[in-house]
Amino acid sequence: MKKLKCAVIGTGYLGKFHAEKYASLPDCELVAVVDINEAAAKDVAEKHGAIVLTDYQSLLGEVDAVSIVVPTTLHHKVSMDFLNAGAHVLVEKPITVTVAEADELIAIAREKKLILQVGHLERFNPAILGLDKEEKPLFIESHRLSPFNPRANDVSVVLDLMIHDIDIILALVDSEVERIDASGTAVLTQGTDIANARLKFKNGCVANVTASRISMKMERKMRMFRPSSYVSVDFQNRILTKHRTGKKEMFPGIPEIETEESVFESGDALLEEIKHFVNCIHTGDNPLVSGVAGRRALETAIQITRLLGDK
């Protein structure tokens, strides 16, 4: 199999890990890393034998695939340039700033038959991968809580943290959102730091979604009630717990509750995400988190931020 010529655009906190994963894959060649901070790019490139660039323009038409790990405001411009040059694109979440920008990327990728994948990393968490998706949820509750980190306070907590759960919920429910109610407040930054949203879907499912970046603890959990089961997903500890009614009775006329818990080994979700991206390039399969999925998550997140009064 011909090696894919790959590059990483942006070598900040996450970009350096993207470069590491490409360099580890036998069917990929990491040819370049790009960052306006030359010292940062050089530090990453030297570890993996890649060339250093401060401008990505010279790579257009020279690489097969790229990870775009730059500030969200640049996602549309950089992704569009590489798609137009014929490169497959893995762009970090959120896909773009606006829905219109996302639509442009989706259209050009479709026209040129290129893979456009969005980096919603939690989709590759083994606990959610282990969940059977056949039974649709009736009610979902999620909590994504984190201590304050100044690294991502240029956007509200909805686009920083909640969008992970929005993406997963939209995929699980697979129905149009009928109504959204939201509340939240700013505490440490100019944007919303803690928020709650209630999503009502046309199929009747309701999702209650909470995100905070000012908590004293880290928690990433999702609970869902389904017609014949209650399921808990602990993303942080990679635990999937299923409760369902059994054949025996715990009281006359009342069935017992059977519990099955699966604890998954610590994996490398980013490596699995990039391997999936590469595999889709080879096979032409639609990615798990396509441009369309990324657009849906963005559109819903934007609706929530507007209800909260964020820009």
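This passage describes the nonpolar cores, the cysteines and one pocket of a predicted model.

The largest nonpolar core comprises 69 residues, and within this core Ile9 and Phe82 have the most contacts. Helix α6, spanning residues 157-173, gives the most to this core, with 12 residues. A second core, separate from the largest, has 24 residues, among them Leu4, Val8, Ala50 and Ile274. When neighbours within four places in sequence are left aside, the contacts of Ile9 are Val34, Tyr56, Leu59, Ser67, Ile68, Val69, Val70, Val78 and Phe82. Phe82 is thus named both among the contacts of Ile9 and, with Ile9, as a residue with the most contacts inside the largest core.

The cysteines were considered next. A search of the whole structure gave 0 disulfides. For Cys280, which is in no disulfide, the nearest cysteine sulfur is that of Cys28, 13 Å away. Cys280 counts as buried because its relative accessibility is 0%, under the 20% cut-off. Cys205 is likewise classed as buried, because its relative accessibility is 2%.

The second largest pocket has a volume of about 250 Å³. Its lining consists of 14 residues, and those nearest the pocket centre are Ala109, Leu114, Leu116, Asn286 and Pro287. By class, 7 residues of this lining are nonpolar, 4 are polar and 3 are charged. Two helices, α4 (99-112) and α8 (291-308), each supply at least two lining residues. The most is given by α4, with 3 residues.

Note on methods:
Residues are numbered from 1 along each chain as its sequence is written. This is a predicted model: local features need pLDDT of at least 70, side-chain atom pairs count only at pLDDT 80 or more; totals for chains, interfaces and linings use all residues. Side-chain values use heavy atoms; hydrogens and water are left out. On a 1 Å grid over the protein atoms alone, a cavity is a set of points where a 1.4 Å probe fits but cannot get out, and a pocket is an open set with protein on both sides within 12 Å along at least five of seven lines; lining residues have an atom within 4 Å of a point. Grid points are joined across faces, edges and corners, and a volume is the space filled by probe spheres set on the points. Helices (H or I, at least four residues) and strands (E, at least two) are DSSP runs, numbered from the N terminus. Ala, Val, Leu, Ile, Met, Phe, Trp, Tyr, Cys and Pro count as nonpolar, Asp, Glu, Lys and Arg as charged, and the others, Gly among them, as polar. A nonpolar core is a set of buried Ala, Val, Leu, Ile, Met, Phe, Trp, Tyr and Cys residues joined through side-chain atoms within 4.5 Å. Buried means under 20% relative accessible area, exposed over 50%, partly exposed in between (1.4 Å probe, protein chains only). Contact means heavy atoms within 4.5 Å. A disulfide is a pair of cysteine sulfur atoms within 2.5 Å.
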